[in-house]
Amino acid sequence: MSRSAPIVCARLTIPIALLLSTTAAAQQQRPASSTSMPPSGGSMTVNIGPKNKIEFPYGMQTFGPREGIKLNEDVTRLPGWVIEGAPGKVSARIAETPPAFVVPGTRPARWLDLHDQGLAFGEALHTPTVEAPAPWTYAWMLRLRIETAPAVGSDLPVFAVQHAAAGVLQDAWGVRLGTNSASLFMTEIWGEEPVELPLFDYAGATALGEWIDLRIVADLTRRTLTAFVNGAETAETRTRPHAATDVTTLRLSYHGTGAGNLVTLQLDEVGVAFLNPTCVEDHTYDFETEDDFATPLVNGQKIDMGGEFGDELNVSGAGGQGPAIFDSTPAGPNDPSQDLDLLVGTGNILIVQTDAATNPPLVGDVFPRPNDDEDGGSFAFGFTRPCMPLSIDLIDVDAAGNEGMTVTMVDFSALTRTYTVPANWTGDLVAAEPGIGTLDLQTLLPQAGFGSMATAAEDMGFDPSAVVSMSVTLGGSGAVDNLHVVIPCVMVTFDNEDDSTPVFAGTPLVDGQDLSTPPEFGIEMALTSAGANAGAAIFDSTPGGPNDPGPDNDLLVGLGNILILQSNNVASHSVQTVPGIFDTPNDDVNGGTLFFTFPPSVQVHQLDFIDADEEEVTGIIVTLTDSLARTRVFTIPPAWTEDLLNDGPPAVRTLDLDSLAPQPGFAAVATAVEDLGFDADDVVSMTVSLGGAQAMDNICFCP
């Protein structure tokens with residue numbers, strides 16, 4: 001991949017006292033006791049060159065003078081923007097509203113004027129590459145005005161979001177520009193097969209020459225791709241990023257797809273927003289232990305409803321004497337036995353125990369001679385939370401008789417997906433055939449086995465990411481193993497109340513909303529607060545949003561709604577013209593305490609903190625308490641995050657609550673200690689003590 005010549009930026013060393021005096025006006029009010037903590041050495045290096053605005057966790061390129069680029073300059077003047085291909089094939093320069101069209105009293109608007117002279121494969125305009133620290137749900141936005149559309153329906157240009165796969169950035173999904181319309185497309189690296197969906201026609205509000213606002217959300221938890229045109233949802237498709245796809249490395253690219261096509265268009269407000277990290281638990285139930293992943297299951301153990309399982313899934317069954325454990329280890333306790341075709345070597349597997357009179361009866365909770373029933377039966381898996389089953393291993397689906405299997409999943413709306421697995425799909429182990437095969441539960445494509453083809457069918461609208469139960473019906477002897485499930489946990493983003501379901505996003509929260517329990521929270525968690533402040537409230541952190549400009553520009557980190565303790569230090573900060581909504585959201589310099597309680601105990605995995613910067617005197621304390629009052633305490637010192645105005649982005653950091661290891665931040669390290677015996681799976685409350693004007697977001701916990 002070719003690169004443009006590096007941009008040389010002027011650098012200037014400024015005495016720290018002068019720097020602080022010139023930026024003081026931009027800072028929010030701090031308590032009188034607050035003191036600045038500049039880096040050692042008495043001076044700091046400041047980059048006065050152009051700033052790259054496409055970055056994690058939020059970045060927007062407006063092509064304006066504040067970004068260090070001038071009228072008529074090439075876009076590659078901006079750091080990270082690259083044009084590849086033959087010279088002259090594409091022109092991308094900064095343009096401005098003609099004087100005759102400028103609204104009186106406003107500044108001329110600037111945008112990127114792009115002239116495509118027939119870009120072919122390998123010729124493109126790329127934004128900077130963005131690196132996320134972990135898989136995050138994200139959205140790309142752009143304003144687009146198509147002046148001249150492609151003339152022919154082949155070799156159409158695209159705006160593609162590219163991800164790294166096999167070490168190369170390549171198209172994952174994007175927007176294809178046609179002769180009369182645009183479409184949303186997805187490639188194999190983002191889905192199991194290519195997808196093309198209508199997005200908009202060149203008519204009405206989306207006609208040639210009209211500005212069109214596009215926003216496309218790639219949800220890595222729900223595995224969906226959702227497109228919005230001028231604010232209205234117009235297309236959605238299921239996604240399935242390939243295992244080799246790096247979901248954390250991405251960029252936006254405009255390029256041709258063949259010999260080229262002449263296109264003229266304008267771009268503005270090109271940006272990316274990372275909305276929240278994925279909040280899931282990824283489990284494989286291998287039947288070596290109960291679903292506490294600690295208590296061993298033994299060979300022959302009977303699986304009773306509500307006994308061995310029930311934390312995350314319930315296991316029951318019908319036929320024979322019900323579900324039981326069979327050790328499939330060659331040379332193990334069942335070798336030799338009457339079930340040599342089950343010795344597939346995956347450890348414990350799940351069978352329907354035979355009810356044949358010749359088989360020894362149950363002793364305590366263990367069958368002395370585990371043996372699968374030749375008449376078959378069924379297993380039923382009930383999930384305590386709607387989840388996403390990925391795969392299951394099927395064993396001994398051989399050619400003898402009618403020994404096929406049927407797997408049926410039921411989603412939150414009672415819609416079903418059914419897999420029909422015919423006889424001889426795995427073959428018979430004793431005939432030197434595999435004897436085991438993995439059924440993919442996320443695809444509708446035919447799945448070839450040893451000697452037959454498994455097929456799938458589903459009700460229209462079935463949601464594979466919100467499955468509440470699953471059954472496996474065995475036509476004869478056989479077994480299952482390694483049920484792989486992704487369980488979406490609770491991600492509290494403060495964009496909505498905690499009343500969401502798989503078919504409802506939750507009641508929206510608005511900027512300035514005064515929070516309490518109830519009514520805003522109380523289902524997944526309860527929220528209260530204390531201290532010299534006006535209580536918990538919502539702050540919209542969107543640059544260019546309702547709080548830009550405002551008293552808290554250092555909170556404009558682009559995470560949408562975040563949680564603050566509302567200031568009451570100025571009378572106007574407590575005003576609620578609309579009851580329950582603060583007119584001026586503003587975090588309190590005195591800090592305070594937020595209390596989160598969880599009706600059933602949970603495991604709290606992580607949360608984000610904003611503006612825990614060097615200007616604070618006191619940091620943040622996070623305390624997790626389990627049901628026996630034992631604690632795990634995290635101490636976050638000042639300067640753990642950047643100050644957005646002084647240090648630049650991201651000014652937000654994620655605290656890992658599963659780890660006791662030191663967690664380095666911007667210029668400080670968070671530490672943790674815990675009481676002996678603290679149970680991280682049994683947290684009943686979390687206390688967050690803010691030492692000053694700080695904020696938080698994105699609490700991930702799993703019941």
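Q: How is a cavity recognised, and how many cavities does the count come to in this structure?
A: A cavity is a set of points on a 1 Å grid over the protein atoms alone where a 1.4 Å probe fits but cannot get out, and its lining residues have an atom within 4 Å of a point. The volume is the space filled by probe spheres set on the points, which are joined across faces, edges and corners. Here the count gives three cavities of 30 Å³ or more. Please keep in mind that this is a predicted model, in which local features need pLDDT of at least 70 and side-chain atom pairs count only at pLDDT 80 or more, while totals for chains, interfaces and linings use all residues. Residues are numbered from 1 along each chain as its sequence is written, and side-chain values use heavy atoms, with hydrogens and water left out.

Q: Which residues line the largest cavity, and which elements give two or more of them?
A: The largest cavity holds about 80 Å³ of space, and its lining is made by Trp140, Leu142, Phe159, Val161, Trp173, Gly174, Val175, Leu214, Ile216 and Leu252. Two or more of these residues come from each of β9 (136-148), β10 (158-165), β11 (168-177) and β14 (211-219), where strands (E, at least two residues) and helices (H or I, at least four) are DSSP runs numbered from the N terminus. Strand β11 gives the largest share, three residues. Sorted by class, the lining has nine nonpolar residues, one polar residue and no charged residues; Ala, Val, Leu, Ile, Met, Phe, Trp, Tyr, Cys and Pro count as nonpolar, Asp, Glu, Lys and Arg as charged, and the others, Gly among them, as polar.

Q: What lines the second largest cavity, and how do its residues divide by class?
A: The second largest cavity has a volume of about 60 Å³, and the residues around it are Trp81, Leu114, Leu125, His126, Thr127, Phe159, Leu252, Ser253, Tyr254, Leu267 and Val270. At least two of them are supplied by each of β7 (124-126), β17 (245-255) and β18 (262-277), with the largest share, three residues, coming from β17. The lining divides into eight nonpolar residues, three polar residues and no charged ones.

Q: How should I read a salt bridge, and how many does the structure hold?
A: Side chains of opposite charge can pair when their charged atoms come close. A pair counts as a salt bridge if a side-chain nitrogen of Lys or Arg is within 4 Å of a carboxyl oxygen of Asp or Glu. By this rule the structure holds 13 salt bridges, one of which joins arginine 77 to glutamate 73 at 3.8 Å, N to O. There is also a network of salt bridges that links Glu192, Arg240 and Asp440.

Q: Which parts of the chain does the pair of lysine 89 and glutamate 123 tie together?
A: Their side chains meet in a salt bridge of 3.1 Å, N to O. Because lysine 89 lies in the loop between β4 (82-84) and β5 (90-96), while glutamate 123 lies in the loop between β6 (110-117) and β7, the pair ties together parts that are 34 residues apart in sequence. Lysine 89 is partly exposed at a relative accessible area of 25%, whereas glutamate 123 is buried at 10%; buried means under 20% relative accessible area, exposed over 50% and partly exposed in between, with a 1.4 Å probe and protein chains only.

Q: How far apart are the closest N and O atoms of arginine 653 and glutamate 642?
A: They are 2.5 Å apart in a salt bridge. Arginine 653 belongs to strand β38 (residues 652-656) and glutamate 642 to the loop between β37 (631-636) and α2 (644-647), so that the pair, eleven residues apart, links distant parts of the chain. Arginine 653 counts as partly exposed, with 23% relative accessibility, and glutamate 642 counts as buried, with 4%.

Q: Where in the backbone is there a cis peptide bond, and which residue that is not a glycine has a positive phi?
A: For the peptide bonds, look at omega. A cis bond joins phenylalanine 56 and proline 57, with omega about 0°, and proline 57 is found in the loop between β2 (43-47) and β3 (58-61). The bond from proline 649 to proline 650 is also cis, with omega near 10°, and proline 650 lies in the loop between α2 and β38. Turning to phi, phenylalanine 287 has a positive value of about 65° although it is not a glycine. Phenylalanine 287 lies in the loop between β19 (280-285) and β20 (313-318), and it is buried, with a relative accessible area of 2%. Arginine 223, likewise not a glycine, has a positive phi of about 60° and lies in the loop between β14 and β15 (224-229).

Technical notes:
On a 1 Å grid over the protein atoms alone, a cavity is a set of points where a 1.4 Å probe fits but cannot get out, and a pocket is an open set with protein on both sides within 12 Å along at least five of seven lines; lining residues have an atom within 4 Å of a point.
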